[in-house]
Amino acid sequence: MKKNKTAIVTGGAMGYKTGGTSIGGAISIKLAKEGFSVIVVDLGEMGQRTVDVIKKNGGDGIFLKADVTNTEEVNKIIDTIKSTYGSLHCLVNCVARYSPGMGKNVADISEEEWNKTLEVNLNGYFKMAKYSIPLMLESGGGTIINISSIESQVVLPNFSVYSVSKAAVDALTRTMAVDFAPKIRSNSVVPGFVKIANSENNRTPEQLEKWYSDISKQYPMKRVCEVDEIANIVAFLASDQSSYINGQAIVVDGGKTIADTHEF
Ligand SMILES: NC(=O)c1ccc[n+]([C@@H]2O[C@H](COP(=O)([O-])OP(=O)(O)OC[C@H]3O[C@@H](n4cnc5c(N)ncnc54)[C@H](O)[C@@H]3O)[C@@H](O)[C@H]2O)c1
């Protein structure tokens with residue numbers, strides 16, 4: 001059954017091979033539990049899997065297969081929301097582009113990889129916001145939540161364009177926070193490493209155990225983050241419980257970026 005509030009989650013598909021956990025999937029499922037009708041947007045067919053889970057839980061949602069970098073497809077998403085639900089209250093931008101060619105420093109990365117990554121990780125967020133905001137304003141206001149990364153603040157070697165895209169997403173968040181308050185609040189959620197099905201593909205169980213164990217050692221919490229620990233913060237930012245939080249980058253990294261690591 002349709003709810004009174006609607007939310008778009010881009011990158012909302014479950015893991016692309018297994019249908020396993022994903023950050024966008026967990027966010028979609030959580031927002032549906034919080035009473036939103038959720039419009040799951042993704043390039044991957046596993047977006048339908050997310051909606052199936054939402055419906056199994058008694059929630060409401062639809063899957064729209066679309067590319068957030070394509071203006072025509074983005075406008076079609078907004079038109080569908082208008083005709084199906086009539087209003088929009090929340091946008092969660094959660095897509096990201098990964099390719100072997102983007103994992104390089106500034107000297108080595110090709111211009112094509114640089115531009116393609118910014119096209120998804122930055123312009124995909126910009127376009128979704130640009131075309132959602134008028135409907136959100138017509139609907140009486142709402143919240144925009146951009147999924148950033150600690151790579152916006154600290155640097156993973158040879159991951160240059162990803163870092164730049166996430167720093168730009170935080171700046172996009174702040175500019176929208178100033179320009180559209182008080183009707184629309186905008187915030188970023190800034191995760192450290194999060195356990196997702198897509199990065200588990202192509203690793204044996206033994207390799208996975210070692211990988212997670214090695215990463216966990218770098219985090220004061222001594223474990224990696226679960227997708228629900230990101231989804232809970234998004235739900236908080238989408239709710240009136242966070243009614244005076246605007247333009248912030250909320251770091252959810254178990255204390256990694258504030259921890260000094262050298263021996264004294
Ligand atoms: N997993 C982590 O450790 C981690 C850490 C920090 C931040 N993040 C952020 O979390 C978000 C989710 O990504 P993830 O890493 O969990 O990976 P993911 O692969 O599970 O999710 C990315 C999703 O975006 C979709 N997508 C990519 N390009 C698209 C496009 N043009 N149009 C529509 N959909 C598109 C993919 O199909 C995929 O379902 C991203 O913003 C990522 O930067 C992830």
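This passage describes the ligand shell, the nonpolar core, the strands and helices, and the unusual backbone sites of one predicted model.

The model is predicted, so local features are given only at pLDDT of at least 70 and side-chain atom pairs only at pLDDT 80 or more, while totals for chains, interfaces and linings use all residues. Residues are numbered from 1 along each chain as its sequence is written. Helices (H or I, at least four residues) and strands (E, at least two) are DSSP runs, numbered from the N terminus.

The ligand is surrounded by 25 residues. A residue belongs to this shell if its C-beta atom, placed from the backbone, lies within 6 Å of the ligand. The closest are Gly-11, Val-95, Ala-96, Ser-149 and Val-194. Two elements, helix H1 (23-33) and helix H4 (111-138), give two or more residues to the shell. By class, the shell holds 13 nonpolar, nine polar and three charged residues. Here Ala, Val, Leu, Ile, Met, Phe, Trp, Tyr, Cys and Pro count as nonpolar, Asp, Glu, Lys and Arg as charged, and the others, Gly among them, as polar.

The largest nonpolar core has 60 residues. Such a core is a set of buried Ala, Val, Leu, Ile, Met, Phe, Trp, Tyr and Cys residues joined through C-beta atoms within 7 Å. A residue is buried if 20 or more other C-beta atoms lie within 10 Å of its own, exposed if 12 or fewer, and partly exposed in between, with C-beta atoms placed from the backbone. Val-9, Ile-27, Leu-31, Val-92, Ile-230 and Val-234 touch the most other members of the core. Contacts are scored when two C-beta atoms, placed from the backbone, lie within 7 Å. Leaving out residues up to four places away in sequence, Val-92 touches Ala-7, Ile-8, Val-9, Thr-10, Ile-27, Ile-145 and Val-234. In soluble globular proteins, nonpolar side chains tend to be buried together.

Strand E6 (184-191) is mostly covered, with eight of its eight residues buried. Both of its faces are covered. Ile-184, Ser-186, Ser-188 and Val-190 lie on one side, and Arg-185, Asn-187, Val-189 and Pro-191 on the other. E6 pairs with strand E5 (142-147) in the parallel sense over six bridges. Strands are taken to pair if DSSP finds at least two bridges between them. Within this pairing, Ile-144 has Ser-186 of E6 as its bridge partner. E6 also pairs with strand E7 (249-252), again in the parallel sense, over four bridges. Here Val-251 of E7 is the bridge partner of Val-190.

Val-190 lies in E6. It counts as buried because 26 C-beta neighbours fall inside 10 Å. Its contacts, not counting residues up to four places away in sequence, are Ser-148, Ser-149, Ile-150, Ser-152, Ala-249, Ile-250, Val-251 and Val-252. Gln-153 is 37 residues from Val-190 along the chain, and their C-alpha atoms are separated by 9.3 Å.

In a regular strand the side chains alternate between the two faces of the sheet. E7 shows such alternation. Ala-249 and Val-251 point to one face and are buried, while Ile-250 and Val-252 point to the other and are not.

Helix H5 (160-180) has 21 residues, which should span 30 Å at 1.5 Å a residue. The expected span is 1.5 Å times one less than the number of residues. The end C-alpha atoms of H5 are 30 Å apart, which agrees. Its buried residues are Ser-160, Val-161, Tyr-162, Ser-165, Lys-166, Val-169, Leu-172, Thr-173 and Met-176. Their cover includes H4, E5, E6 and E7. Helix H6 (205-217) is hardly covered, and its count of buried residues is zero. The 13 residues of H6 should span 18 Å, and its end C-alpha atoms are 19 Å apart, which agrees.

Most residues other than glycine have a negative phi, and most peptide bonds are trans. A cis peptide bond joins Ala-181 and Pro-182, with omega about 5°. Pro-182 lies in the loop between H5 and E6. Asn-158 has a positive phi, near 60°, and sits in the loop between E5 and H5. Asn-158 is partly exposed, because 13 other C-beta atoms lie within 10 Å. Lys-222 also has a positive phi, of about 60°, and is placed in the loop between H6 and helix H7 (227-238). Lys-222 is exposed, because 10 other C-beta atoms lie within 10 Å.
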